[in-house]
Amino acid sequence: MALYHDRYAQAAGMFRRSRVLFRTLGDVRGEAVSVCGLGAVGQFRGDRAAASRHFRRALGMFVSLDDRSGEAYARQALGRTCLSAGDLNGAADWLGGALRMARELGDAHREGCVSLQIGRLHDLAGETGRAMRAQGRALTIFEGFGDRHCAAYAMQGLGGLQAARGDWRHGSARLESSLAIFRQLGDRSGEAATRRLLGELHRSSGRRALARGYLHAVTARQAAEDTVISHD
């Protein structure tokens, strides 16, 4: 949970230690999972180069083991990294492969995770209808598993899309639901992203006081995060 609580240095240290332990034990899969963890730290920190480097390394390890579940995860992670860099073609390739593998494996939860990213891909491509269907598919899957954390990310994506289409009432309701879950689970990154969306939504609808409240909280978090990173 250190990663979701913005304790990036602590998370990176834990993943590095676990990687060394798994390598000492000759556990290649365990080491690959630790490398994925380092990739996630890089992604949360906005270091796309480091994230991509770690995820590619992990992918190679999973492929060498013929671990298709691990490979699907690494492909999804690389697709997410491409999305954050604005590389839509690269994202489509990685996510398309991850989705096919998830379905071949019968891994519905992984399919939900990939669908979440594919929804973001369609959103960035300006394909709002397809984006909403993908996010809705992800939400249905996560709710079926009782996975509130992943469902909150799907609610966040779907709520933002609804608001963008002018459905402010349903959009804000989904965003508020996702915000409540992120706060309960202590996911500060998810909470900040949802607050930003709510702030922008209220600002665009003329509710400036509400907007300032949400956006002020995001600014305060960013300042605290920058302070932590400068001392890593």
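Helix α5 is followed by G106, a residue with a positive phi, near 70 degrees. That glycine is a good place to enter this predicted model. Step back from G106 into the helix before it. α5 covers residues 88–105, 18 residues in total. From its first C-alpha to its last it reaches 25 Å. The expected value, at 1.5 Å a residue, is 26 Å, and the helix comes close to it.

Now look at what α5 hides. Its buried residues are G90, A91, W94, L95, G96, G97, A98, L99, M101 and A102. Residues three or four places apart on an α-helix point the same way, because there are 3.6 residues a turn. Which helices do the buried residues of α5 pack against? They meet α3 (48–64), α4 (68–84) and α6 (108–124).

Widen the view to the whole fold. The protein has eleven helices and zero strands. Read from the N terminus on, the order of elements is α-α-α-α-α-α-α-α-α-α-α. There are 232 residues, and 48% of them are buried. Take the contacts between residues at least 6 apart in sequence: 51% of these join residues at least 24 apart. The exposed surface comes to about 11,500 Å². Carbon and sulfur atoms supply 52% of that area.

Next, a polar residue. Q43 sits in helix α2, which spans residues 28–45. Is Q43 buried or exposed? Its relative accessible area is 18%, under the 20% cut-off, so Q43 counts as buried. The side chain of Q43 has a polar partner: it makes a polar contact with the side chain of T81, at 3.0 Å. Set aside the neighbours within four places in sequence, and Q43 is in contact with A51, F55, A77, R80 and T81. T81 therefore appears both as a contact of Q43 and as its polar partner, with a cut-off of 3.5 Å for such a pair.

Finish with the cysteines. How many disulfides does a search of the whole structure find? The search finds zero. C113 is in no disulfide, and the nearest cysteine sulfur, that of C150, is 4.6 Å away. C150 is in no disulfide either; its nearest cysteine sulfur is that of C113, at 4.6 Å. A disulfide needs the two sulfur atoms within 2.5 Å, so this pair does not qualify. C113 is also buried, with a relative accessible area of 12%.

Notes:
Residues are numbered from 1 along each chain as its sequence is written. This is a predicted model: local features need pLDDT of at least 70, side-chain atom pairs count only at pLDDT 80 or more; totals for chains, interfaces and linings use all residues. Side-chain values use heavy atoms; hydrogens and water are left out. Helices (H or I, at least four residues) and strands (E, at least two) are DSSP runs, numbered from the N terminus. The expected span of a helix is 1.5 Å times one less than its number of residues. Buried means under 20% relative accessible area, exposed over 50%, partly exposed in between (1.4 Å probe, protein chains only). Contact means heavy atoms within 4.5 Å. A polar contact is a pair of N or O atoms within 3.5 Å; within protein, one must be able to donate a hydrogen and the other to accept it, and residues adjacent in sequence count only if both atoms are side-chain atoms. Accessible areas come from the Shrake-Rupley method with a 1.4 Å probe; for residues, only the protein chains shown count as cover.
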